[in-house]
Amino acid sequence: MEPATMAWTAGLLGAGLVYWFVWVMGAAEVKGKRAVDLKMGSITRDKVQDKYTQYWSFFRRPKETATTQASADKVPAFVDTFYNLVTDIYEWGWGQSFHFSPSLPGRSHRDATRVHEERVADLLGAEPGHRVLDVGCGVGGPMRAIAAHSGARVVGITINEYQVNRARAHNRKAGLDAQCEVVCGNFMAMPFDDASFDGAYSIEATCHAPRLQDVYGEVYRVLKPGRLYVSYEWVTTPLYRADDPAHVEAIHGIERGDALPGLRRQDEIASIAQEVGFEVVQELDLALPPSLPWWTRLKMGRLAYWRNSLVVRVLTLLRIAPKGVVEVHEMLYETAQHLTLGGETGIFSPMHMVVLRKPATAAE
Ligand SMILES: C=C(CC[C@@H](C)[C@H]1CC[C@H]2C3=CC[C@H]4[C@H](C)[C@@H](O)CC[C@]4(C)[C@H]3CC[C@]12C)C(C)C
Ligand SMILES: C[S@@+](CC[C@H](N)C(=O)[O-])C[C@H]1O[C@@H](n2cnc3c(N)ncnc32)[C@H](O)[C@@H]1O
C-alpha cells in the first residue's frame, strides 16, 4: 500500500474510533447530555481546575466545615461550586434525577427512580390545584415526575444557577413549563411567603445543610398549617462504628466527594423535625429489606466508568472538555466506591424517609 493511502486509512480509522468512543459510547444515559457537551456549570473553562482545587481543600475535612459559624456560612457557596463541577457529569452518566432508589426486580433504573419519586407525591396527597415545593431540586427530574403524576404545580429551589437553566430547559422540552417553576436561592432562607405551599419534599438535598434545623425551619414556615413535608435524608445508621477505621474512611469519603458538611445520625432527624415544630407522621429507612439494594446500580456501572474516564481524557486532550474534568471525574469514581461500601456494610443510607406534618393548629 502507498504510504499516502496508508496514512489516509490510518487517519480515517482513528477519526472513526474517536467518533465511536465520544459520540456513540459516550452518549448520555438519558438522552440530552452528551460527552462532547460536558461543561462545568457557570465556571469559565480556564477556572475549572482552580475551582476544583478550592472545593477539594474546603471539603477535605468535612466535619470541620460545620464547627464554626464562619466556615458553615461558606458551605452554600462551595456546594454551588460543587454542582458547577458535577452537574453535567451527573446528567451524562446518571440522568436527570440526582438520587438513588431501591432496585426493583425486573424493572429498569429509570422505572425504579420514577417509583421512588411518585411515592413522594402519593404520600403528600398532591393533586391538581396544589402548589408543592421541591427543596433542592437539581435539574428537575423528580419535579417533572411528580408534576406529571399528580397534576400539582411544583416550585423547585436550587442554589446553583446552572441547574436552574438546565431544569427550565428540560421543563420546556417536556411540555411541563406551565406546571413547573424553578427558582435560584438558598433553602435556608427561601424567597417564599409564609404558609404558601400545600406540600413540600426534599430528595437527597438537605444533607448539604450544615444545620438541618435551618432548612426544616424554613420548610415549616412556608407550609400551610396541617400540610405535609416528605424528606429522603442521607444518614449514618446504627451499624456505623466510630472506632472502626474502615467505617470512618467510607463515611469521610462520602462526605468529601458529595459536598457534605458532616453526615447526620439517623436518630437525629426526627428530633430536629420536632424541635422546629413538626409532628412526625412516619419514619422509615427505605434502604432496609424488603427493599433491594440501591447501590447495585453503582456497582454495575464499573465498566461504564472506565469507558467514561477514557472519554473525558480524550476530550480533554482534544481540548473539547476543559482542564480539570479528569480530576472531577476521578473524584466521583472514588466517591462511588465509598458509597458502595457504605451500602454494602449497611452503615449508610441515602433514603431515610421522614413524613412530617405542620400542626393544623400552628399559627400562620
Ligand atoms: C445526592 C447526591 C448525589 C447522588 C448521586 C446522584 C451521585 C453520587 C455519586 C455520583 C456518581 C459517581 C460516579 C460517576 C462516574 C464515575 C461517571 O463516569 C458517571 C457519573 C457517576 C456515575 C456519578 C453519577 C451521580 C452519582 C451516582 C449527593 C451529592 C448529595
Ligand atoms: C443531590 S442534588 C438532588 C437534586 C434533586 N432533589 C434530585 O433528586 O434530582 C442536591 C440539590 O440540593 C441543592 N442544594 C444544596 N444546598 C442548597 C442550598 N443551600 N439551597 C438550595 N439548594 C441547595 C443542590 O443545588 C442540588 O440541586
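In this predicted model, the side chains of Asn 84 and Asn 160 are joined by a polar contact of 3.1 Å. A good place to begin exploring is with the first partner: Asn 84 belongs to helix α3. With a relative accessibility of 7%, Asn 84 counts as buried, because the term applies to residues under 20%.

Helix α3 also leads to the first of the two ligand sites to be visited here. This helix, covering residues 69-93, supplies at least two residues of the shell around ligand 1. The helices α11 (302-317) and α12 (325-345) each do so as well. In total, 22 residues surround ligand 1. The closest are Tyr 83, Trp 234, Asn 308, His 329 and Leu 332. Two of these names return when polar atoms are considered. A polar atom in the side chain of Asn 308 lies 2.8 Å from an oxygen atom of ligand 1. For His 329, the distance between a side-chain N or O atom and an oxygen atom of ligand 1 is 2.6 Å. How much of the 630 Å² that ligand 1 exposes when taken alone does the protein bury? The figure is 100%. Sorted by class, the shell around ligand 1 is made of 15 nonpolar, five polar and two charged residues.

The surroundings of ligand 2 can be read in the same manner. Here 20 residues surround the ligand, and the closest are Phe 98, Gly 136, Thr 158, Gln 163 and Phe 187. Backbone atoms take part in the contacts described next. An oxygen atom of ligand 2 lies 2.9 Å from a backbone N or O atom of Gly 138. A polar backbone atom of Ile 159 is 3.1 Å from a nitrogen atom of ligand 2, and for a polar backbone atom of Gly 185 the distance to a nitrogen atom of ligand 2 is 3.5 Å. On its own, ligand 2 has 600 Å² of accessible area, of which the protein covers 98%. The classes in this shell are 10 nonpolar, nine polar and one charged.

Aromatic rings offer another way to look at the fold. The structure holds 20 aromatic pairs. One of them is formed by Tyr 52 and Trp 56, whose ring centres are 6.2 Å apart; with planes at 20°, the pair is stacked, since stacking calls for planes under 30 degrees apart. Both residues sit in helix α2 (residues 48-59), and because they are four residues apart, about one helical turn separates them. Are these two partners buried or exposed? Tyr 52, at 13% relative accessibility, counts as buried, whereas Trp 56, at 26%, counts as partly exposed.

A second pair shows another arrangement. The ring centres of Phe 192 and Phe 197 are 5.2 Å apart and the planes meet at 80°, so this pair is edge-to-face; the cut-off for that label is over 60 degrees. Phe 192 and Phe 197 are both buried. Phe 197 has a further partner: the charged end of Arg 131 sits over its ring, 4.2 Å from the centre. A similar arrangement involves Arg 297, whose charged end sits over the ring of Trp 94 at 3.6 Å from the ring centre.

Finally, ring pairs link several residues into a cluster: Tyr 55, Phe 58, Phe 59, Phe 78, Phe 82, Tyr 83, Tyr 90 and Phe 98. Two of these names are already familiar from the ligand sites: Tyr 83 is among the closest residues to ligand 1, and Phe 98 is among the closest to ligand 2.

Technical notes
Residues numbered from 1 in each chain as written. Chains lettered and ligands numbered in written order. Predicted model: local features only at pLDDT ≥ 70, side-chain atom pairs only at ≥ 80, totals over all residues. Heavy atoms only, no water. Near = heavy atom within 4 Å. Polar contact = N/O pair within 3.5 Å; in protein donor to acceptor, adjacent residues only side chain to side chain. Areas by Shrake-Rupley, 256 points an atom, 1.4 Å probe, with all protein chains shown as cover. Nonpolar A, V, L, I, M, F, W, Y, C, P; charged D, E, K, R; others polar. Phe/Tyr/Trp six-rings, centres within 6.5 Å; stacked < 30°, edge-to-face > 60°. Buried < 20%, exposed > 50% of the residue type's maximum accessible area, 1.4 Å probe, protein only. Lys NZ or Arg CZ within 6 Å of the ring centre and 35° of its normal.
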